[in-house]
Amino acid sequence: MSLRDFLELMEKEDQVLHVMDDVSPKFEISYIVKRFDKDGPILLFEKVSGGINRVVANVCGTRNRICEALGVNGTELYHKLLEACRSPIKPKIANDGVVCEVVEEPNLLKLPVLTHFERDAGPYITASVIHAKSPDGAFENVSIHRLQLLDERHLAIRLVPRHLYRLWCLAKEAKKDLEVAISIGTHPAVMLAAASSPPFGVNEFAVANTLLGGKLRLIKCMHVDAYAPADAELVLEGKISISREAMEGPLVDITGTYDVQRMQPIVEILGIMHRGDYLYQAVLPSGSEHRLLMGLPREAAIYEAVSKVVPKVHAVNLSVGGGGWLHAVISIEKQVDGDGKNAILAALAAHPSLKHVIAVDPDINVFDVSDVEWAIATRFQANEDLLIIENARGSTLDSSADQETGLTAKMGIDATCPMTKPKEKFEKAKIPVNERVEGLIRKLLSPK
Ligand code: MN
């Protein structure tokens, strides 16, 4: 199962928009992707100036597309993702794959790497699925990291203190650079698995393999002891240096604000392999795709945690306005008053970056901001239903948090109906309807 297979399927469903005109990888592609961001199609840029390769963006740009890629719908997605993290299946290793069609000396300047925003430090690789092992081979990890283009053979990597960083620390103790395979152009299941956070030591390629029903094949790299999907579009083989650093950033992150400059490790690229006519995949920082890939695994974690404290969770939305990261809306079935607040506490614990949580009843559509606002307007009393937690750990991406300590205030809004007051007071008014009128509406809505 490859990115190409998925694109072929999407092509049949008319979900791919081909851009035939010549466009520049500097600002022009990112601007077009941003303009089509909201529930937009996959964008395939057929002619990119200065190169021969095509660029694809917004592949995982809608919830529906991700669900389709995994063959599920709605909350089934959370169950499938949680189940795959619990039962990873080791992928088979192939001897050969389409990604080996061309093997060449590295020249990163030949790749159509995009420059996205006005004040970004330069071109950045954003759809990079990175595999590495601990020096003793006991632990493997796959994760996505932004990579700043420095020259023909070097990138700067942003290593947040998570699993790849931990492997890099182990490599540092062993006094050996960390060997990595950087895969670009992979199936949505691989992207989503790499964006999720099962416990340290769980190989996310094995999680992807479970999501794909055991169909993922890997190949061993030629220059390094690391693995890549055999049907990836493009693979960079390299080493993350344990001694050499470069100034990394600024780059726009998930919240749509610029992340700061930091000294970060340099990756030396030793070899490149790719399909003959490889597609270069890009993820627009802070675009829908970025938010969904990072947010969906967190939504699943919130869904699981809140399910343990209330009778039923109907839906979770890490909302677009919250950068897909800082705000959650959860619809729950309540048994007693106080369940709303417990749901809020469970959500905050499940996703430490979360800042504001709104709990609503099942009749509220968590994906409709107006509906959520209506629930706050008619069901919420600030002196009773507001929860504030001071000086908690939050996201480093929150510009309003204390920049020295990283401490932030968390807020919960319990906008569920109080059970002590009559139910009818909170009822959403309905108009009676019959099948004939529903049919009439369908006719009015359907295109001629
Ligand atoms: Mn991991």
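Both N141 and E204 are buried, and in this predicted model the two residues also belong to the set of protein donors of the manganese ion, which consists of N141 through OD1, H163 through ND1 and E204 through OE, at 2.0 to 2.3 Å from the metal. The pair joins distant parts of the chain, since N141 sits in strand β8 (residues 140–144) while E204 sits in helix α7 (residues 204–211), 63 residues apart. Written as a sequence pattern, the donor residues of the manganese ion follow the spacing N-x21-H-x40-E.

**The chain as a whole**

The protein chain that holds this site contains 12 helices and 23 strands. Its radius of gyration is 23 Å, close to the 22 Å that the globule rule gives for 448 residues, and the protein chain is therefore as compact as a globular protein of that length. Measured out along the principal axes, the C-alpha trace spans about 70 × 60 × 40 Å. Of the 448 residues, 54% count as buried, and among the contacts with a separation of 6 or more, 70% are accounted for by residues 24 or more positions apart. The accessible surface of the protein chain comes to about 20800 Å², with 53% of it belonging to carbon and sulfur atoms. As for charge, the chain carries 51 positive and 60 negative side chains, and the centres of these two sets lie 2 Å apart.

**Two further buried positions**

Two residues outside the donor set, G324 and D371, can be described in more detail. G324 is placed in the loop between β19 (312–318) and β20 (327–333), whereas D371 is placed in helix α10 (residues 369–379). With a relative accessibility of 0%, G324 falls under the 20% limit and so counts as buried; D371, at 13%, is under that limit as well and therefore also counts as buried. The table gives the contacts of each residue, leaving aside neighbours within four places in sequence.

| Residue | Contacts |
|---|---|
| G324 | I254, R291, G295, L318 and S319 |
| D371 | D363, I364, N365 and K428 |

The surroundings of G324 thus include L318 and S319 as well as I254, R291 and G295, with L318 lying within the range given for strand β19 (312–318). For D371, the partners include K428 in addition to D363, I364 and N365. A separation in space can also be given for G324: its C-alpha atom is 23 Å from that of A121, a residue 203 residues apart from G324 along the chain.

Conventions. Residues numbered from 1 in each chain as written. Predicted model: local features only at pLDDT ≥ 70, side-chain atom pairs only at ≥ 80, totals over all residues. Heavy atoms only, no water. Helix = DSSP H or I, 4+ residues; strand = E, 2+ residues; numbered from the N terminus. Rg over C-alpha atoms; globule rule 2.2 N^0.38 Å. Buried < 20%, exposed > 50% of the residue type's maximum accessible area, 1.4 Å probe, protein only. Contact = heavy atoms within 4.5 Å. Areas by Shrake-Rupley, 256 points an atom, 1.4 Å probe, with all protein chains shown as cover. Lys, Arg positive; Asp, Glu negative; His and termini not counted. Charge placed at Lys NZ, Arg CZ, Asp CG, Glu CD. Donors = N, O, S within 2.8 Å, 3.2 Å for Na, K, Ca; no water.
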